[in-house]
Amino acid sequence: MGLREQLNRPDFRRLIVGQTVSSFGDWMGTLALMYFVLELSGSTTAVGGVLVLRLLPSALGAPIAARVVTRWRRRSVMLWSDLIRAGMALALPVVPWLWWVYFWAFLIEVVGLMFLPARDASIPFLIEDEENRHDTRTLELANGITMATSYGMIPIGAGAFGLIEWVSGQAGWEGHWRYFVVFWLDALTYLISYLAVKGIPDLGPGPAEKREMERTERDPLHAGFLSALRLPVVRAVLPGIAVVALGLGALFSLGVVFVKNVLDAGAVGFGVLVVLFGVGALAGLLLIHRKAGSLMTQIRLGTAAQGTVIALMAGLGSTIWSFVGAVVFGAAATSALVGGITYLQEALGGVQRNLALTAFHAVLRFGLALAALLSGAAADLLKEAGASPLGMAPGQFVLAASGLVVLLGTFLIRTPGAASMSPT
């Protein structure tokens, strides 16, 4: 199936439209959250706390999310998640206190961790004509389209936030009132996603998955988050996801400093890098639709390419290579992440699929936030010590080192034996 055939499926198209609008609101809200926290606190450390909000839900909320996605129907999980997040986004800017903003931002992330595995587990149900008969290219393209709804909204969400900030300034709005429009618009995008999901009659599970879920309910020890980590298929994929998250987190944390101090490109240069990353993600979607070979090979190649690009980008310190590298980086990250999701969807079904995808998103978010915090802290320590390892600026050296770690991490990705694969 091609792109047009996928989008001609009405229920899948509804899901994609809802996710595109919701992702737009998420990215716009993320930027607004950072600026809002900075305005309330005047502290860049407090802004760094926004990253912690993405780490803690993954560490603390994953077990809760695992229970929810194994006991509720996916459609119900997604509908309630959108409604609850809409209410939380409405409440977030009402009181201009830092703890209040952190509290609601944290809860939004926890609920989001429940929504994502339910969404990803429903994709095979929406696009496959026969249950448990998977076509890898069709499933992978559907996952790529879903992921593109997120990456593609980064520059658009950023632009919308900038426009709203400008209009608010022209209108003379001061203080936290300027952020009402952004967060309430974010709440509206959750409601649009809710309406899109509500228009889909069924998101699974299918008959075979229902039978498996009934068996799991009789054995609740196999329905927890830790049980997902015991699955050989999950243990095969998660190292790749962890190193991809490491690369993304390091670049997210050090990218602004690298562009400003090493490339001397300023805010415009960083904006170009973000746009080129989105272009690369789209290119990666087109490439995986035409590739041949196993999904595990795709995951390995994607992570290896990502690590190589980061190391060369930091080591060379070249603006031209960094722009080219951003495209390759986006394509590599998309290839690895889409390959990982598709591998779990194909290899597992029912409760195990839900649990595996919960683990996938928990590791991705936890790894991204942890890598961002550690890489930023390492760069600050080197800067305070006045160190310039190998003649590099602190941020440049840490970024190069993280690329090498990602590259070495590809050796942890191993294909499980056929005997340990769970039948779908």
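In the next few minutes I will talk about how some of the helices in this predicted model pack against one another.

Let me begin with a general point, which is that two packed helices are described by the angle between their axes and by the distance between those axes. I will use that description for three pairs of helices, and two of the pairs involve helix α8.

The first pair is helix α4, which covers residues 74-91, and helix α8, which covers residues 180-198; their axes come within 8 Å and cross at roughly 165 degrees. Angles over 145 degrees count as roughly antiparallel, and α4 and α8 are therefore roughly antiparallel to each other. The crossing in which α4 passes α8 is left-handed. If you want to find this contact in the structure, look on α4 for residues including Arg75, Met78, Leu79, Asp82 and Leu83, and on α8 for residues including Phe183, Trp184, Ala187, Tyr190 and Leu191. What kinds of residue make up the contact of α4 with α8? They divide into 13 nonpolar, 1 polar and 5 charged.

Now let us turn to α2, and begin with how α2 lies against α8. The axes of these two helices come within 8 Å and cross at roughly 160 degrees, and that makes α2 roughly antiparallel to α8. Here, too, the crossing is described as left-handed, with α2 passing α8. The residues of this contact divide into 12 nonpolar, 7 polar and 3 charged.

There is also an aromatic pair to point out, and the structure holds 7 such pairs. Phenylalanine 36 and phenylalanine 183 form a tilted pair, with 6.1 Å from centre to centre and 45 degrees between the planes. Phenylalanine 36 lies in helix α2, residues 10-41, while phenylalanine 183 lies in helix α8, so the pair ties together parts that are 147 residues apart in sequence.

The third pair is α2 with helix α7, which runs over residues 154-171, and these two pack at an angle of about 50 degrees with their axes 8 Å apart. That angle makes α2 oblique to α7, and α2 passes α7 in a right-handed crossing. On the α2 side the contact is made by Phe24, Trp27, Met28, Leu31, Ala32 and Tyr35, and on the α7 side the residues include Ile154, Ile156, Gly157 and Phe161. Sorted by type, the residues of this contact are 12 nonpolar, 1 polar and no charged.

I will finish with a single helix, α13, at residues 295-316, which has 22 residues and reaches 31 Å from its first C-alpha to its last, close to the 32 Å expected at 1.5 Å a residue. Just after α13 comes glycine 317, which takes a positive phi of about 60 degrees.

Technical notes: Residues numbered from 1 in each chain as written. Predicted model: local features only at pLDDT ≥ 70, side-chain atom pairs only at ≥ 80, totals over all residues. Heavy atoms only, no water. Helix = DSSP H or I, 4+ residues; strand = E, 2+ residues; numbered from the N terminus. Expected span 1.5 Å × (residues − 1). Axes fitted to C-alpha atoms, helices over the stretch in contact; angles between N-to-C directions. Parallel < 35°, antiparallel > 145°, perpendicular 65-115°, else oblique. Left-handed = near helix turned anticlockwise from the far one by under 90°. Contact = heavy atoms within 4.5 Å. Nonpolar A, V, L, I, M, F, W, Y, C, P; charged D, E, K, R; others polar. Phe/Tyr/Trp six-rings, centres within 6.5 Å; stacked < 30°, edge-to-face > 60°.
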